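Q: I should like to learn how to read accessibility, patches, cavities and salt bridges in a model. Please take each feature in turn, with the general idea and then the case at hand.

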Amino acid sequence: MLTPTKGPSSTALSAAARSIMNSPLLESPKAKSGVAMASAMALHFAGYELARGSNMALFTSSSLGFGSSSGGYYPLAMACASPLSMFLLLSYTRQLDRKGPRRALRSTTLLCISALTISGIAMATMQHNELLGNIKILSLPISQIIVWASFVFQNSYAHLLYAQQWSFLGSIFTPTEAGKYYSYVAGLSSIVSMIAGTSVSRLVEWIGLGGLLGLAAASLTATLLLADWAYSTAEKHGFDPSREIQKQKKSKAQSKLQDEKQSQSTSQSTDASTEEKPNKTLLHQIREGISLFRRVPTLGALFFETLCFQSLSTILSTCFVMELNSSVPNDNERASWTGNLYATSNGLSTIFQFFLLPVLTQRMEPKHLWRLMPLLPLICGIVRMIPSLFPGALVSSSSSALYLVAISLLTAKTMDYSLRNVLAELVYVPLDFESRYVGKEIIAVFANRFGKSGMALILSGLNFIRGGSS
């Protein structure tokens, strides 16, 4: 049933893309390229919403996932996202160094499309054949292993892609243009994500949880085409971001050549010094990253801010998963619940990005907005602790507890999508190419996942000490 759903939507998307690109308001090649990349980012987030709703329902499923034990396994799964994110980050930096930003984005997107497609097919197969899902490998049902792998990957790939998309926009826009348009770029992603989130409850009835993963892969395919077209336009009209890194490589090679000529008289040593190494070791990549962060202190501040925020977000997410699993036993209803929650968050983010943020950025300096951001998650965390400190206060049923933690998570996510992302991207715009394409990826992929994984390990340890599994 997945094929009929793709056809009309793909045709509509193609027609909409053509009409947007041919609009008289987009006569500038840079504007067309920016709109194409912003649309690619929006479709990426739409696919991510579908994948998140499906994976959350599968992870807590009593037939394919971990059922009543999902609360104990969830922090462990989040902890595993950090090593995978690190692997994806290292692969990306090698692709960027060898082939440039366009091919790096293309390769990483194709990897994500392949993983989502395989997961969708596997889930659909096991849903129709329960005996196949019950085959055990290392004392675990194969369904749980596949669900685990799909869930961990889904929590690892999103930042890898959207950070590259933002990097492209930061490279073609000036700081003034970024301040003017970034809130609308983020707003477009919120609108499309909201539509995808609200569609989960209907789509899951038609195509199932495996079909949602397949539809997410289809959305990423459209993302790949639009992003590649944006880079193609940039190359054709002379504002390709890779030109900056090519200039840096030439200047570095020339400086090395001059240094070697002064210190060594033989041409053999000069040739050896200027020869480009095809493969960079892991230690060399780490040293380059440390050197970059020492050279640009702003990256270090963003790194630690990301660690702190994601740690708090993980606490709220874990509480939500535990309450959702105990309050909503049906798999499809849990997928709908998750989709509606994030759709509401994206809807509120849209209002904030289109109407409130432009006014706030004009009347308040970004540094003051940064300082106010931690207050809302902190208040939500305190409210979430009230039932534990004072039994019976505010919460009289399991559904009430679910709504309480959902509101707390909703507030944190809304602030993250609407305010944090836009302010962070504005910080990157005046930085150099290496900071935008390498430093940003280290923060978006590693720091983001490490903050979640570190807190997840702490929660897992507390759960183990308590002797519980949920």
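Q: How does isoleucine 137 count by relative accessibility?
A: Three classes are used: buried is under 20% relative accessible area, exposed is over 50%, and partly exposed lies in between (1.4 Å probe, protein chains only). Isoleucine 137 counts as partly exposed because its relative accessibility is 41%. The residue lies in strand 1, residues 136–137. Helices (H or I, at least four residues) and strands (E, at least two) are DSSP runs, numbered from the N terminus. The model is predicted, so local features need pLDDT of at least 70 and side-chain atom pairs count only at pLDDT 80 or more, whereas totals for chains, interfaces and linings use all residues. Residues are numbered from 1 along each chain as its sequence is written, and side-chain values use heavy atoms, without hydrogens and water.

Q: Which residues make the nonpolar surface patch?
A: A patch is made of residues with over 30% relative accessible area and no salt bridge, nonpolar side chains (Val, Leu, Ile, Met, Phe, Trp, Tyr) being joined within 5 Å and like charges within 9 Å. Here Ile137 is joined by Leu138, Leu140 and Ile145 in a nonpolar patch of about 370 Å². The areas come from the Shrake-Rupley method with a 1.4 Å probe, with only the protein chains shown counting as cover for residues.

Q: Where does glutamine 310 lie, and which residues is it in contact with?
A: Glutamine 310 belongs to helix 11, residues 297–327. Its relative accessibility is 2%, so glutamine 310 counts as buried. Contact means heavy atoms within 4.5 Å. Beyond its neighbours within four places in sequence, glutamine 310 touches Asp416, Arg420, Asn448, Gly451 and Lys452.

Q: How many cavities of 30 Å³ or more does a search of the whole structure find?
A: Rolling a probe the size of a water molecule over the atoms shows where empty space is left. A cavity is a set of points, on a 1 Å grid over the protein atoms alone, where a 1.4 Å probe fits but cannot get out; lining residues have an atom within 4 Å of a point. Points are joined across faces, edges and corners, and the volume is the space filled by probe spheres set on them. The search finds two cavities of 30 Å³ or more, and the largest holds about 680 Å³.

Q: Which residues lie nearest the centre of the largest cavity, and which helix gives the largest share of its lining?
A: The lining has 46 residues, with His159, Tyr162, Asp416, Tyr417 and Asn421 nearest the centre. Helix 15 supplies the largest share, nine residues. Among the helices that each give at least two lining residues are helix 2 (29–59), helix 7 (175–237), helix 11 and helix 16 (433–466).

Q: How many salt bridges does the count come to?
A: A salt bridge is a side-chain nitrogen of Lys or Arg within 4 Å of a carboxyl oxygen of Asp or Glu. By this rule there are nine. In one of them, arginine 102 pairs with glutamate 235, the closest N and O atoms being 2.8 Å apart. This pair links helix 4 (residues 101–128) to helix 7, across 133 residues. Arginine 102 is buried because its relative accessible area is 18%, whereas glutamate 235, at 34%, is partly exposed. Both belong to a network of salt bridges with Arg106 and Asp228.

Q: What does glutamate 425 form a salt bridge with?
A: Its partner is lysine 440, with closest N and O atoms 2.7 Å apart. Glutamate 425 lies in helix 15 and lysine 440 in helix 16, 15 residues apart. Both residues are buried.

How values were computed:
1 Å grid on protein atoms, 1.4 Å probe; cavity = no way out; pocket = protein on both sides within 12 Å on 5 of 7 lines; lining within 4 Å.
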